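Biologist: Please take one part of this structure and go through it closely, giving the cut-off behind each term as you use it. I would rather have one connected account than a list.

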Amino acid sequence: MEEYSIITEEFFRDRLRFLRNERKVSAREMSLALGQNETYINKIETGKCSTTIASFLKICEYLNVSPEYFFNPEINNTILTDRDLLRIFHRLTPHQSEYMISFLKDLTHEN
């Protein structure tokens with residue numbers, strides 16, 4: 001039997017914000033490019049309004065992602081690069097490093 005994950009409104013808003021920021025586009029710029037009011041994307045990201053399926057497909061096209069990619073829960077929302085993470089990690093004390101490794105393993109259910 002296939003396992004399904006529940007996509008929440010919060011997931012949708014976070015993914016939209018992440019993909020937009022990843023492309024270094026402001027909410028205003030994206031709204032206007034989609035032919036909408038300048039606050040359209042901001043209102044979606046803050047939960048003040050929702051979108052139609054047709055508008056969602058336009059958002060995906062603008063972001064150059066498929067709907068499947070947009071909703072893929074296995075794709076993590078982070079704009080930090082591996083280099084950024086390593087730079088931050090190397091500033092930790094040995095004790096902090098061990099703690100973070102343990103914490104990350106616990107979060108990812110890695111033994």
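Modeller: Arg-17 and Asp-14 both belong to helix α1, where three residues, about one turn of the helix, separate them. This is a predicted model, in which local features need pLDDT of at least 70 and side-chain atom pairs count only at pLDDT 80 or more, while totals for chains, interfaces and linings use all residues. Residues are numbered from 1 along each chain as its sequence is written, and side-chain values use heavy atoms, with hydrogens and water left out.

Between Arg-17 and Asp-14 there is a salt bridge, with the closest N and O atoms 3.1 Å apart; the term requires a side-chain nitrogen of Lys or Arg within 4 Å of a carboxyl oxygen of Asp or Glu. Arg-17 counts as partly exposed at 28% relative accessibility, and Asp-14 falls in that class too, at 32% (buried is under 20% relative accessible area, exposed over 50%, partly exposed in between, with a 1.4 Å probe and protein chains only).

Arg-17 also has a second partner, since its side chain meets that of Glu-45 in a salt bridge at 3.9 Å, N to O. Here the partners sit in two helices, Arg-17 in α1 and Glu-45 in α3 (residues 40–45), so the pair ties together parts that are 28 residues apart in sequence. Glu-45, in turn, is buried, with a relative accessible area of 5%. Through shared partners, salt bridges join Asp-14, Arg-17, Arg-20 and Glu-45 into one network.

Another salt bridge, at 3.9 Å from N to O, connects the side chains of Arg-13 and Glu-9. These two residues are separated by about one helical turn, because they stand four residues apart in helix α1. Arg-13 is partly exposed at 22% relative accessibility, whereas Glu-9 is exposed, its relative accessible area being 63%.

What, then, is the nearest side chain of opposite charge to Arg-15? Arg-15 too lies in helix α1, and the side chain in question is that of Glu-22, 8.3 Å away, so that Arg-15 is buried yet has no salt bridge (Lys and Arg count as positive, Asp and Glu as negative, and His and the chain ends are not counted). The side chain of Arg-15 does, however, reach the backbone oxygen of Asn-72, at 3.1 Å.

To set this helix in its context, a search of the whole structure finds six salt bridges, among them the one between Arg-17 and Asp-14, the one between Arg-17 and Glu-45, and the one between Arg-13 and Glu-9. The protein chain has seven helices and zero strands, and, read from the N terminus on, its elements run α-α-α-α-α-α-α (helices, H or I of at least four residues, and strands, E of at least two, are DSSP runs numbered from the N terminus). Of the 111 residues in the protein chain, 23% are buried, and the residues in that class include Arg-15 and Glu-45.

How values were computed:
A polar contact is a pair of N or O atoms within 3.5 Å; within protein, one must be able to donate a hydrogen and the other to accept it, and residues adjacent in sequence count only if both atoms are side-chain atoms.
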